[in-house]
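Open your viewer, switch to a cartoon view, and keep the sequence panel handy. We will go from stop to stop, selecting a few residues each time.

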Amino acid sequence: MLRSTVKQQHVPAVEAGINAMIAAIEEQRPNGVRYAYTRLGDGVTFLAFLELAEGVENPLAGIPVCQEFQQNLKNRWLDQSDIPAPEPLEIVGSYGFFEL
């Protein structure tokens, strides 16, 4: 999981970037990958979820649209000193969202 809080004026651009990134991932259809972006109720905090099947390398770094989105996101964070870092999650329960 990755949490990013962006400046309010950048929300539309971030959402457009997310949509472009998801479209690029759907076009390539990498095996063993699940990816989702959500926005929290504050309207400026986004959560990215990446699930990789065992033994699958993260293919997002090889998709140019994803690389571009990550670079652009760096300029849109609310606080440049609070650079988000991926946080591993342990799935405790899931119905149709994560595979157990």
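What follows is a walk through strands, a helix, some loops and a pocket, and the model you are looking at is predicted.

**Stop 1: the strand E3**

Select residues 45–52, which make up strand E3. Six of its eight residues are buried, so E3 is largely enclosed by the rest of the structure.

Now add strand E1, residues 2–5, to your selection. E1 and E3 run antiparallel and are joined by four bridges. Two pairings are worth picking out: Ser4 stands opposite Phe46, and Thr5 stands opposite Thr45.

Next, add residues 33–39, which form strand E2. Seven bridges join E2 to E3, and these two strands are antiparallel as well. Click on Phe46 again: in E3, Phe46 is the bridge partner of Arg39. So far, then, Phe46 has been paired with Ser4 of one strand and with Arg39 of another.

Follow the chain from E2 into E3. The two strands form a hairpin, with five residues between them. In that turn, select Gly43, whose phi is positive, at about 85 degrees.

**Stop 2: Thr45**

Show the side chain of Thr45, a residue of E3. Is Thr45 buried or exposed? Its relative accessibility is 4%, and because anything under 20% counts as buried, Thr45 is buried.

Which side chains make polar contacts with the side chain of Thr45? One is that of Thr5, at 3.1 Å. Another is that of Asp42, at 2.6 Å. Draw both distances in your viewer and you can see the two contacts together.

Then show what surrounds Thr45. Leaving out residues up to four places away in sequence, Thr45 touches Arg3, Ser4, Thr5, Thr38, Arg39 and Leu40.

**Stop 3: Ser4 and the two faces of E1**

Move across to Ser4, which sits in E1. Ser4 has a relative accessible area of 2%, so it is buried. Beyond its neighbours within four places in sequence, Ser4 is in contact with Val44, Thr45, Phe46, Leu73, Trp77 and Pro84.

Now colour E1 in two colours. Leu2 and Ser4 form its covered face, while Arg3 and Thr5 form the uncovered one. Why might a strand show such a pattern? In a regular strand the side chains alternate between the two faces of the sheet.

**Stop 4: Val14 in helix H1**

Select residues 11–28, which are helix H1, and find Val14 within it. With a relative accessibility of 1%, Val14 counts as buried. Apart from neighbours within four places in sequence, its contacts are Val6, Phe46, Phe69, Leu73 and Arg76. You have met two of these names before: Phe46 and Leu73 are also in contact with Ser4.

**Stop 5: three loop residues**

Start with Gln8, in the loop between E1 and H1. Gln8 is exposed, with a relative accessible area of 53%. Try a distance from Gln8 to Thr45: they are 37 residues apart along the chain, and their C-alpha atoms are separated by 9.6 Å.

Go on to Arg29, in the loop between H1 and E2. At 66% relative accessibility, Arg29 is exposed. Its phi is near 45 degrees, a positive value in a residue other than glycine. Most residues other than glycine have a negative phi.

The third loop residue is Asn58, between E3 and H2. Asn58 is partly exposed, at 38% relative accessible area. Not counting residues up to four places away in sequence, Asn58 touches Leu50 and Leu52. A polar atom of the Asn58 side chain also lies 2.9 Å from the backbone nitrogen of Leu60.

**Stop 6: the largest pocket**

For the last stop, switch on a surface. The largest pocket holds about 580 Å³ of space. Select Met1, Leu2, Tyr35, Leu50 and Pro86: among the 26 lining residues, these lie nearest the centre of the pocket.

Which elements each give at least two residues to this lining? They include E3, where the tour began, and helix H2, residues 64–74. Finally, colour the lining by class: 19 residues are nonpolar, four are polar and three are charged.

Definitions and conventions:
Residues are numbered from 1 along each chain as its sequence is written. This is a predicted model: local features need pLDDT of at least 70, side-chain atom pairs count only at pLDDT 80 or more; totals for chains, interfaces and linings use all residues. Side-chain values use heavy atoms; hydrogens and water are left out. On a 1 Å grid over the protein atoms alone, a cavity is a set of points where a 1.4 Å probe fits but cannot get out, and a pocket is an open set with protein on both sides within 12 Å along at least five of seven lines; lining residues have an atom within 4 Å of a point. Grid points are joined across faces, edges and corners, and a volume is the space filled by probe spheres set on the points. Ala, Val, Leu, Ile, Met, Phe, Trp, Tyr, Cys and Pro count as nonpolar, Asp, Glu, Lys and Arg as charged, and the others, Gly among them, as polar. Buried means under 20% relative accessible area, exposed over 50%, partly exposed in between (1.4 Å probe, protein chains only). A polar contact is a pair of N or O atoms within 3.5 Å; within protein, one must be able to donate a hydrogen and the other to accept it, and residues adjacent in sequence count only if both atoms are side-chain atoms. Contact means heavy atoms within 4.5 Å. Two strands pair if DSSP finds at least two bridges between them.
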